[in-house]
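Please read the following report alongside the sequence and the coordinates.

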Amino acid sequence: MVTEVQSGRADRNADVDEEDQEPETDEKVRVNWRELVRITRGHRLPIAGAMGLALLGGLTGLAQPLLATKTIDAFSGSRPYALLLTLLGLVFLAEAVITAFSHYMLERTGESIVLGLRLRIVDRLLRWPMRRYQQHRLGDLLTRTTSDTTLLRDSLAYDLVEATVGVFIIIGGIAMMIWLDAMMFLIVAAIVGTIGGLTMLLLSGIRTSVEDAQDNLGGMSAELERALIAIRTVRVMRAEGREKDRIGRLAREAYASSLQAVKRNAVVNPAMTLAVHGAMITVLVVGGLRVAGGGTSLADLVGFLLYVTYIATPMANMFDVFATLQRGLAALQRVDDITRIPTEDEENTRPATTRPRALENSPDTETPAIEFREVGFSYEPDRPVLREVSFSVERNSHVALVGPSGAGKSTIFALIARFHDPQTGHILLGGRDSTHEMSVDECREAISLVEQSAPVMHGSLRENIVYAKPGAEAAEIDRAVELASLEGLVRRLPQGLDTPVGEHGSALSGGEQQRVAIARALLPRPQLLLLDEPTSQLDAANEAVLARTIEHITAECTLLVIAHRPSTIQAADKTVLLNHGRVEAIGPYSGREG
Ligand SMILES: Nc1ncnc2c1ncn2[C@@H]1O[C@H](COP(=O)(O)OP(=O)(O)OP(=O)(O)O)[C@@H](O)[C@H]1O
């Protein structure tokens, strides 16, 4: 076994060297319209269907000026026109129905694309490696999940609809205009092309402004979240005004960036009005002269003008599409930046070398529940937090981890929970190298963790306790409640286990919150419980309850506790004294530890 472990260590060291050469840069990959098209994958059938309908709608629309021309011709030539007029009415109706349906289909597709994107963000955010959460602010992540995806939805739904329908109408309109009067079309194209080109140039800056605005919005949410989480401190320190100024500054920066985008966007409508009116007046003047000179008929001129007005709206929309596309790209960029980050599973691709052996089934009761062998770890290069840490926790024993603040006690828990992997040495869980022979899931299945600031979540007491095992039976819940000495609390609460505990468990005392977390941790019957004892002063009654709970736990499973109370240390079978990341002493309680 030792040889196996040692060869594993060599492998690991080789991996470390490799990782050292590959620092975590997270280079920003600039997304482009191709990515925007890529996210429509899986929705292409409804898009194609809606496009088909849009095409049909466009064709019925295109037929209208032609039918109108024919009707005018028939009317002025005193020929029967009733049939033509009925046909024109029917085509109008058909266009309305088909266009409405294709719009609905495309918008629905936009919504479902964004739904898929949101689910993907949530899934990935919940699976990041732990260190990644330190690199991002919570408020900003929430903004990316909500506000950016909404922006993207608006852009996608709008762009998909307008661009699809618009392209067909414009192409058809252009074809008809060329067919009616090619020379006049060239004049229109020159006017619209020049104004349009200049507008597009101006609009391309919108993306940066929107990205800046969304970044500032994310920053603002993060600052607001910081203030609301620490609201008691904010109020007692009378810092409301300062917080308002800080948050307000980011809000104003978001406003300034948005204003940049708005300014650029403001040119779209006047530019298009200018292009369309310019084209119409030119057509009227040039066309009028040609009708007077006999170069073209009045009906053809009316038809041509109708086509100019007909494509005017989709043309104007195309500029809007370009602007919203820039917005969509800015939002997609921010979404892409966080979904590109590999999840914990994607980082830990190394397969378990052998099937893990469930600790409880292990015939070898001599193997320690957990063993550290010369473990070295640092969060940042050149700042070692743990150095050659070696100790073991025997099965069904109670070991206290003690040492001054910053000694590395919580880091030991983080390594056992596989939030990070050691850079050197080995951690053996039930005799197996947890880093090399077990998957993250398998490691976490064997342990439970009660943090010092035990998070009690919004919901009922029951929901909190059954968190790790939602299908737990009443007897199992009762057992966990009893082990955590919570029977008294459950009896006292008006709705018993179904009483809501408030946001962050605010309806419970600190000691009760800790014991709820213990009950939650014990419910799935872990082999090893990692308990970070509260440092806060507990009154004698609460201290006695905690001591009793710890006694109960040791009868159930192996306990490794970060101990701050002499009573917890004294009750332990073994004490590991940690100082400056090194194990300074191991042995029974000596009085030195507290
Ligand atoms: N996520 C992190 N990133 C960078 N450094 C960290 C991180 N977490 C802890 N550290 C550093 O690692 C060292 C050990 O911290 P750790 O939390 O393990 O100590 P501790 O013994 O549990 O302290 P305490 O009793 O105060 O909780 C400290 O110097 C701390 O600043």
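The report below covers domains, annotated segments, nonpolar cores and the ligand shell.

This is a predicted model, in which local features need pLDDT of at least 70 and side-chain atom pairs count only at pLDDT 80 or more, while totals for chains, interfaces and linings use all residues. Residues are numbered from 1 along each chain as its sequence is written.

The protein chain is divided into domain 1 (33-343) and domain 2 (359-587), with bounds that come from an automatic or database domain assignment; their centres, taken over C-alpha atoms, are separated by 54 Å. An unreviewed UniProt entry places the feature "transmembrane region" at residues 47-68, 80-101, 160-179, 185-203, 271-292 and 304-325, although such annotations may be inferred rather than shown by experiment. Two of these segments are described in the table.

| Residues | Helix | Strand | Distance between end C-alpha atoms |
|---|---|---|---|
| 185-203 | 100% | 0% | 26 Å |
| 304-325 | 100% | 0% | 31 Å |

The ligand is surrounded by residues (C-beta atom, placed from the backbone, within 6 Å of it) that include Gln 134, Tyr 379, Gly 408 and Lys 409. By class, this shell has three nonpolar, seven polar and two charged residues, where Ala, Val, Leu, Ile, Met, Phe, Trp, Tyr, Cys and Pro count as nonpolar, Asp, Glu, Lys and Arg as charged, and the others, Gly among them, as polar. Helix H13 (residues 409-416) gives the most to the shell, with three residues; helices are DSSP runs (H or I) of at least four residues, numbered from the N terminus.

Leaving aside its neighbours within four places in sequence, Leu 529 is in contact (C-beta atoms, placed from the backbone, within 7 Å) with Ser 448, Ala 521, Leu 522, Ile 553, Cys 557 and Leu 559.

Methods
Contact = placed C-beta atoms within 7 Å. Helix = DSSP H or I, 4+ residues; strand = E, 2+ residues; numbered from the N terminus.
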